Amino acid sequence: MALIDRNFTYKRRIKVSTEDLALTKSGKKICTIRLGTAKVDGELMDLTDGRETLKIRIVSVKTEPYRQLTQEHAQWEGFSSVEELRKDLEKYYRRIDENQPVTIIRFDLVGT
C-alpha cells in the first residue's frame, strides 16, 4: 500500500463513534488515534458522536509511525492489547502501512 500522509486540523470538535464516546464517559478511553498528521486548534474541545457531546481538555498531541503503537496506547484507547487497537483502527482506515504516521491525541474529560 502506498504511504499516505493525511494532514488536518481539528477545530472546536473531534468526532468519534457512539461506542468511543461511551468509553470516554466511563473513563476507559483517554485518547483518540487518527491516521495521518493531525493538529488540534485549542486546548478545550468537544468530543462528539453527532448526538451527544463531552467537553475535553487536550493533554498532548503526538505523531509517530503506526508500527510504534504500544500497549500503553492501546490502554489509553480502551483496549486490552495492541492487536485489538490495530484491528479497530483498520476497521476505519483499512490496511495501514507500518510507516504511515498516526496522531495520538490524549485528553482529559472536563467537568466530571
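User: How many helices and strands does the protein chain have, and how are they defined?
Analyst: Helices are DSSP runs of H or I with at least four residues, strands are runs of E with at least two, and both are numbered from the N terminus. Here the protein chain has 3 helices and 5 strands, in the order β-α-β-β-β-α-α-β from the N terminus on. This is a predicted model, where local features need pLDDT of at least 70, side-chain atom pairs count only at pLDDT 80 or more, and totals for chains, interfaces and linings use all residues. Residues are numbered from 1 along each chain as its sequence is written, and side-chain values use heavy atoms, with hydrogens and water left out.

User: What is the radius of gyration of the protein chain?
Analyst: The radius of gyration is taken over C-alpha atoms, and the globule rule is 2.2 Å times the number of residues to the power 0.38. For this chain the radius is 13 Å, close to the 13 Å that the rule gives for 112 residues, so the chain is as compact as a globular protein of that length. Along the principal axes, its C-alpha atoms fill a box of roughly 40 × 30 × 25 Å.

User: Is Asp88 buried or exposed?
Analyst: Buried means under 20% relative accessible area, exposed over 50%, and partly exposed in between (1.4 Å probe, protein chains only). Asp88 counts as buried because its relative accessibility is 12%. Asp88 sits in helix α3 (residues 82–93), and its C-alpha atom is 26 Å from that of Glu43, 45 residues apart along the chain. Of the 112 residues of the protein chain, 42% count as buried.
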